[in-house]
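The following exercises are to be worked through with the sequence and the coordinates at hand. Each task is followed by a solution in steps.

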Amino acid sequence: IITAYANDFNYDLIFCRQIEALANLLGMSIGFSTSGKSKNVISALNYSKQIGLKTILFCGDHDIDDTNIDLIIKVPSKNTAIIQTITQMLYHSICQNLEE
């Protein structure tokens, strides 16, 4: 859906469409953005908030607009490799806990 929607409509809204399609199954929307400023991720979190979902953003230690984000988990680094590695570890830990 990502490439199809991006080609036909707008890359900045690719995740919004997925959230719209699954909204009745969701209670929370989680975004991952190294900079915390990826337009497609932030658009999805903003849309999620508009439809009543809780929002979480994983990002690096950057200044971001947190208006529509309920919880921000910042990796204390500006180094992309470090941010992505720590974020991946956090993500996998969350998934493991949910499975248990």
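The exercises below concern a predicted model.

**Exercise 1. Overall fold**

Determine how many helices and strands the chain has, and in what order they run.

*Solution.* Step one is the count: the secondary structure consists of four helices and three strands. Step two is the order, which from the N terminus reads α-α-β-α-β-β-α. Step three concerns compactness: the radius of gyration is 14 Å, close to the 13 Å that the globule rule gives for 100 residues, so the chain is as compact as a globular protein of that length. Along its principal axes, the C-alpha trace spans about 35 × 30 × 25 Å.

**Exercise 2. Burial and surface**

State what percentage of the residues of the chain count as buried, and describe its accessible surface.

*Solution.* Of the 100 residues, 27% count as buried. The accessible surface comes to about 6600 Å², and carbon and sulfur atoms account for 53% of it. As for contacts between residues at least 6 apart in sequence, 44% join residues at least 24 apart.

**Exercise 3. Helix α3**

Test the span of helix α3 against the expected value, then identify what its buried residues pack against.

*Solution.* Helix α3 covers residues 39–50, and its twelve residues should span 16 Å at 1.5 Å a residue. The C-alpha atoms at its ends are 16 Å apart, which agrees. Next, the buried residues of α3 are N40, V41, I42, A44, L45 and S48. These buried residues pack against α2 (14–22), β1 (28–33) and β2 (54–60). Just after α3, G52 adopts a positive phi of about 95 degrees.

**Exercise 4. Helix α4**

Compare the reach of helix α4 with expectation and examine its start.

*Solution.* Helix α4 comprises 20 residues, 80–99. From first C-alpha to last it reaches 28 Å, close to the 28 Å expected at 1.5 Å a residue. At the start of α4, a side-chain oxygen of N79 comes within 3.0 Å of the backbone nitrogen of A81.

**Exercise 5. Cysteines**

Decide how many disulfides the chain contains, and explain why C16 and C59 are or are not bonded.

*Solution.* A disulfide is a covalent bond between the sulfur atoms of two cysteines. The criterion applied here is a pair of cysteine sulfur atoms within 2.5 Å. By this rule the count is zero disulfides. The closest cysteine sulfur to that of C16 lies in C59, 18 Å away, which is too far for a bond. C59 is likewise in no disulfide, the nearest cysteine sulfur being that of C16. With buried defined as under 20% relative accessible area, C16 counts as buried because its relative accessibility is 11%. C59 also counts as buried, because its relative accessibility is 1%.

Terms used. Residues are numbered from 1 along each chain as its sequence is written. This is a predicted model: local features need pLDDT of at least 70, side-chain atom pairs count only at pLDDT 80 or more; totals for chains, interfaces and linings use all residues. Side-chain values use heavy atoms; hydrogens and water are left out. Helices (H or I, at least four residues) and strands (E, at least two) are DSSP runs, numbered from the N terminus. The expected span of a helix is 1.5 Å times one less than its number of residues. Buried means under 20% relative accessible area, exposed over 50%, partly exposed in between (1.4 Å probe, protein chains only). Contact means heavy atoms within 4.5 Å. A polar contact is a pair of N or O atoms within 3.5 Å; within protein, one must be able to donate a hydrogen and the other to accept it, and residues adjacent in sequence count only if both atoms are side-chain atoms. The radius of gyration is taken over C-alpha atoms; the globule rule is 2.2 Å times the number of residues to the power 0.38. Accessible areas come from the Shrake-Rupley method with a 1.4 Å probe; for residues, only the protein chains shown count as cover.
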